[in-house]
Amino acid sequence: MPTPEHGDANAVRIGVYICHCGTNIAGTVDVHAVAEHAGTLPGVVVAREYKYMCSDPGQELIKADIREHRLDRIVVASCSPHLHEKTFRGAVADGGVNPFHFQMVNIREHVSWVHPDKRAGTEKADALVRAAVSRVRHHKPLETRRVPVRSDVLVVGGGIAGIHAALTLADAGKHVTLVEREPTIGGHMAMFDKTFPTLDCAACILTPKMTAVKAHPNITLWAYAEVQAVSGYVGNFTVTVKRKPRYVRDDVCVGCQECIDACVYKVGKEPDAFNLGMSKRKPIYLPFPQAVPQVVTIDPESCIEFKSGKCKKTCVEACADRHAIDFTQQERIETIEVGTILLTTGFKVFDAKRLPSYGYGTYPNVYTALEVERLLNASGPTAGEMVLRDGRTPRTVGIIHCIGSRDEHTNKHCSRVCCMYALKLAHLVQERTGAEVYDFYIDMRTPGKGFEEFYNRVAEEGVHFIRGKVADVYPTAEQDGRLILQAEDTLLGNVRRIPVDMVILAVGLEAQADAEDVRRTFNITCGTGGWFTERHPKLAPVATFTDGVWIAGACQGPKDIPDTVAQAGAAAGEALALINAGHIELEPNTAYIVAADCSGCKTCVPMCPYKAIGFDAEQGKAAINEVLCKGCGTCVSVCPSGSARQNLFEDDEIYAEIGGVLAHA
Amino acid sequence: MPETTTGSAAAAERFEPRIVAFFCNWCTYLAADLAGTTRLKYAPNIRVVRVMCSGRIDPQFVLDAFAKGADGVLIGGCHPGDCHYESGNYKTLRRFQLLRRTLRALGIEDDRFRLEWLSASEAEPLKTVVNDMVEKVRALGPLHLEVPAEAFAAEGEEVAAR
Amino acid sequence: MTAKPKIAFYWCASCGGCEEAVVDLAEQVLDVVAAVDIVFWPCAMDFKRHDVEAMADGSIAATFVNGAVRTTEQEEMAHLLRRKSRVLVAFGACSQLGGIPGLANLSDTASVLATAYRTSPSTVNPDGVLPQRHTVDGGHALGLPGLYETVRTLDQVTDVDYYLPGCAPTPKLIAAAVQALLTGALPAKGSVLAPDIALCDECARKASKPDALALAAFKRPSEVVLNEEECLLAQGVLCMGPATRGGCEAACVQGNMPCTGCSGPTSRVRDQGAKALSGFASLVASNDAAEIERITGAIADPVGTLYRYALPASLLRRRRVAVS
């Protein structure tokens with residue numbers, strides 16, 4: 001039936017293209033039969049099959065047919081529209097037809113790859129193609145929307161990923177706000193002693209970058225702060241940030257640390273988080289000497305002034321006329337406007353207490369690898385001296401790989417960095433103490449530049465490698481503090497029991513405990529285990545499904561420093577590309593209300609989470625602000641009189657699709 | 001007269017239900033994409049209609065699918081709290097129960113109309129849901145809702161002959 | 001002398017209210033009678049079916065049929081009148097949408113008859129006699145029309161040119177329709193002869209509706225003392241106004257009763273009940289499944305509430321009939 005608004009829908013000239021995708025589709029779908037079936041459908045002028053529709057010749061095929069057969073509607077049945085919808089819309093537009101006179105059919109992810117039965121798969125492909133053909137005849141010409149992009153960027157998380165991304169963007173002249181929840185930036189990398197495989201000192205390569213962040217005119221650093229809420233959309237985000245009170249004015253404190261020396265506590269009493277509780281700190285502290293910003297922080301939980309109000313406040317005296325200490329400081333809520341957001345929120349290490357058989361938390365001589373990093377570090381609890389809790393130097397050390405990784409009961413994933421850092425620790429421990437080192441591994445995974453060479457080097461240095469999973473850790477009969485590591489040596493085929501002075505657990509990497517909350521705040525997705533999901537595992541590894549939000553580093557999955565920095569650079573580059581374009585093209589799938597049809601019942605108004613629907617009391621009509629509309633279509637489905645509509649998802653288009661999938665061939 | 005077979009065991013074995021699945025673009029559609037990428041295998045009985053948000057799924061679409069011959073309708077959206085559009089899936093949830101009760105009053109069993117929250121990473125649960133629904137609808141038998149004109153003619157003759 | 005246009009009225013499954021509505025034109029009815037020649041109106045004038053059969057095809061200018069179609073006789077008359085008329089108007093909710101008789105589609109014929117003739121409390125029928133298609137009484141063969149399982153709208157039986165909505169259509173809408181017919185100023189075929197905009201547009205209480213309504217409870221009109229000026233939906237009462245075509249000037253709401261949807265949906269809606277459901281349920285003030293179930297559970301009879309007039313015209317048309 002002719003619809004006056006769209007012209008005569010029957011007069012359309014549709015071209016249908018069935019992609020083989022090599023054998024990906026053609027292997028389990030009879031593409032020839034599907035094309036033949038498509039050719040019989042009303043309005044279809046051309047129906048073809050082709051090996052690779054996304055290739056240049058494939059796209060040329062469409063363009064040539066548009067010219068030759070005067071096509072005005074195109075259907076391509078190939079892969080997911082999430083992959084190639086843009087490609088084909090481009091080809092359709094190049095051919096001179098409105099790019100939204102196009103419908104894509106997913107017969108690969110949704111058919112050929114999931115249904116091995118060729119008959120059933122072909123039947124389903126037929127149904128989906130029918131649906132698209134009957135839908136596309138209703139398509140209206142549309143235009144993409146252009147939205148300007150603010151040049152300011154938010155980077156969340158001040159580890160090496162956030163630092164690198166912030167510096168890259170700032171060097172390109174963009175203003176960056178870097179938000180870090182700890183009192184200092186630096187992240188996990190700041191805790192390490194050396195980095196594999198080159199053994200360069202972590203602090204030596206990291207601290208210049210940290211200082212550069214602080215000094216950069218284009219970077220606003222808010223450490224000890226957390227993002228509370230994000231609203232808006234790509235190009236125009238509004239972000240509220242909670243800045244926690246340090247009780248020290250960051251604009252005045254110079255980091256001289258005289259207040260720390262002056263504190264009424266002569267020695268620290270609080271477990272020092274930066275040293276993983278292996279040392280104590282005072283209520284007023286700087287996490288580590290190279291902390292950035294160089295601003296001390298007061299912990300109100302342990303500070304006498306906060307607990308009793310009766311402290312002599314020797315810290316205030318020490319600060320003298322700088323007056324940096326301010327016990328009245330309050331939490332501050334700041335609101336910033338940015339165009340793009342980079343999430344570099346990192347990881348947490350696996351809690352070894354979850355696997356009691358390794359004795360962590362039970363036997364004092366069982367350490368996690370991260371604790372050993374601190375023990376080896378010159379600014380660590382032992383000033384770099386590799387000694388046990390009782391002060392002895394270990395003479396034998398066992399390292400156990402894959403703690404909380406590659407295990408059905410904890411995490412199935414490989415944490416990617418443990419083999420390499422275990423080798424690094426083996427080398428360092430042997431170098432510093434001369435101890436015999438026994439390294440228990442399941443598989444030695446060293447796929448990186450210089451990694452296998454490093455393994456060979458450590459092996460040549462005399463570290464004993466035992467291929468086998470440690471089943472048990474228990475004290476020696478002598479009760480001398482030594483522990484026996486029992487494992488089946490899968491190369492020798494016997495059970496080994498090796499007494500050691502110290503056990504190092506190569507704990508795996510996990511997503512941050514609050515990854516779920518962060519993900520919700522930024523409206524992105526998490527996969528299993530809480531790692532943030534990239535837009536495409538290969539082709540868009542740092543983009544997310546939320547336009548304008550990128551992820552980089554270990555928040556996306558376990559990775560080492562080089563990969564983290566590479567991702568951070570990539571994310572910064574992609575954000576820069578968008579900022580430099582100055583605008584983004586948005587899908588035209590916005591909702592709209594036909595004013596003449598609207599009765600003003602207001603049902604739609606509270607449906608919109610973006611407050612895009614306004615009510616004009618004078619006219620008695622609702623209207624949608626297209627700029628604010630994100631195109632979910634919820635208001636359309638609720639409009640009781642059918643007066644709200646959605647571009648690209650019009651009622652008649654969806655009805656046609658439903659009819660198409662259900663029509664009998 | 002519109003007829004419904006309540007599914008004899010023999011017929012059920014041969015019956016291939018047709019299920020229309022309305023999936024949101026950001027979660028469940030992607031879960032189905034992931035099922036493909038990871039080559040999971042599941043029943044070929046569902047036909048996916050993509051919408052940007054489950055909130056776009058007008059109850060009319062569900063009824064239309066049944067009226068046009070679907071034996072079941074599956075709605076897939078993001079988990080509560082995870083909607084790409086903040087709260088569209090809550091609107092879906094608010095409508096779902098009343099719609100299901102309405103369908104029940106119209107003789108359409110609960111198992112024929114499902115709402116499932118499936119995130120972009122939940123390919124395996126998607127497979128389970130689809131297979132489970134196909135089996136349950138298969139057990140219920142065809143819906144046969146069409147009221148063709150011939151049925152009235154036949155009924156007219158039958159009534160006239162009484 | 002030019003002959004006056006011939007007009008016919010017919011009554012299918014309905015209550016008679018639509019016939020009353022014609023009379024409700026009051027003095028205007030005289031103008032109508034003067035302008036036309038009524039050739040068939042079983043309710044008011046003594047014409048028989050054979051009189052209609054004797055007319056030439058297309059000789060009636062316009063026939064107004066009220067009531068739904070559920071008997072063989074109604075179906076036959078619908079076809080007959082269609083053939084004889086140049087314009088066929090579905091008059092009133094039952095003819096347009098199925099109406100109240102259409103709720104019989106929630107049931108089957110056997111149980112409808114059993115309720116009506118045997119089990120209803122007011123029925124006295126000790127022998128359990130049911131209407132018979134054919135009976136012989138005192139040597140005379142008597143017949144009754146056959147009863148269909150499914151109540152249908154007029155346009156599900158035959159081609160309809162126009163629809164006059166309402167239970168019953170208001171005198172104003174009738175007068176306007178007759179005027180349009182007489183002057184030939186008719187809209188496109190298939191049109192509903194009423195504004196294509198929902199009732200809220202013409203409701204006097206529109207301005208009192210809050211911009212962001214959230215419904216924490218659904219109430220029946222009998223459960224609340226209704227404010228006479230405030231939007232009824234805002235008072236928690238299911239008013240079908242947002243999902244119902246206007247044109248009646250919100251007569252029920254003026255009487256402090258909610259709209260029950262008799263004028264059917266706008267042209268843009270395929271299923272009035274589903275759209276009403278979508279609007280109402282989406283406004284429920286909760287995101288918690290159990291709480292939502294509790295709130296919407298107060299709508300005890302969703303089909304009877306949301307499809308009071310439009311079940312046969314809905315996408316599913318009727319309750320599914322299970323046949324063993």
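## Where chain A meets chain B

Let's start at the interface of chain A and chain B, where 21 residue pairs are in polar contact, with both residues of each pair at pLDDT 80 or more. Those pLDDT values come up because this is a predicted model. On the chain A side, several helices each supply at least two residues to the surface touching chain B: helix 3 (81-94), helix 4 (108-112), helix 5 (118-136), helix 14 (515-522), helix 16 (634-638) and helix 17 (651-662). Helix 17 of chain A gives the most, with eight residues. Sorted by class, this side of chain A has 23 nonpolar, 18 polar and eleven charged residues.

How many residues of each chain are in contact here? The count is 52 residues of chain A and 50 residues of chain B. People often describe the size of an interface by the accessible area lost when the parts come together. For chain A and chain B, that buried area is about 4400 Å², and 57% of it is on carbon and sulfur atoms.

Charged partners show up too: there are four salt bridges across the interface of chain A and chain B. To see a salt bridge up close, look at the side chains of D651(A) and R56(B), which meet with an N to O distance of 2.8 Å.

## How chain A is divided

The domain assignment splits chain A into five pieces. Domain 1 covers 4-144, domain 3 covers 258-318, domain 4 covers 348-510 and domain 5 covers 591-646. Domain 2 is put together from four stretches of the sequence: 160-204, 222-239, 337-346 and 553-579. If you want a sense of the spacing, the C-alpha centres of domain 1 and domain 5 of chain A are 33 Å apart.

## Chain B, the shared partner

Chain B touches chain A, and it also touches chain C. What is chain B built from? It has six helices and four strands. Follow the sequence along and the pattern reads α-β-α-β-α-β-α-β-α-α.

Chain B has 162 residues, and 67% of them count as buried. Look at its contacts with a separation of 6 or more, and 79% of those involve residues 24 or more positions apart.

## Where chain C meets chain B

Now for the other interface. Here 44 residues of chain C are in contact with 41 residues of chain B. Together the two chains bury about 3800 Å², with 61% of that on carbon and sulfur atoms.

Two salt bridges cross the interface of chain C and chain B. One salt bridge to look for joins the side chains of R320(C) and E109(B), at 3.1 Å from N to O. The same interface has 18 residue pairs in polar contact, both residues being at pLDDT 80 or more. On the chain C side, strand 8 (147-152), helix 9 (272-282), helix 10 (289-297) and helix 11 (302-306) each supply at least two residues. The largest share comes from helix 9 of chain C, with six residues. By class, the side of chain C that touches chain B divides into 23 nonpolar, ten polar and eleven charged residues.

## A few salt bridges to look up

Over all chains, the whole structure has 68 salt bridges. E109(B), the partner of R320(C), also forms a salt bridge with R112(B), where the closest N and O atoms are 2.6 Å apart. Is each of these two residues of chain B buried or partly exposed? R112(B) is buried, with a relative accessible area of 0%, while E109(B) is partly exposed at 26%.

Chain C has some pairs within helices. E53(C) and R49(C) form a salt bridge with their closest N and O atoms 3.3 Å apart. These two are four residues apart in helix 3 (residues 49-54) of chain C, so about one helical turn separates them. Both are partly exposed: E53(C) has a relative accessible area of 41% and R49(C) has 33%.

In helix 10 of chain C, R294(C) and E291(C) are three residues apart, so they too are separated by about one helical turn. Their salt bridge has its closest N and O atoms 3.1 Å apart. R294(C) counts as exposed at 52% relative accessibility, and E291(C) as partly exposed at 28%. Elsewhere, salt bridges with shared partners link E85(A), R89(A), E587(A) and R50(B) into one network.

Conventions: Residues numbered from 1 in each chain as written. Chains lettered and ligands numbered in written order. Predicted model: local features only at pLDDT ≥ 70, side-chain atom pairs only at ≥ 80, totals over all residues. Heavy atoms only, no water. Contact = heavy atoms within 4.5 Å. Buried area = accessible area lost by both parts, 1.4 Å probe. Polar contact = N/O pair within 3.5 Å; in protein donor to acceptor, adjacent residues only side chain to side chain. Nonpolar A, V, L, I, M, F, W, Y, C, P; charged D, E, K, R; others polar. Domains from an automatic or database assignment. Buried < 20%, exposed > 50% of the residue type's maximum accessible area, 1.4 Å probe, protein only.
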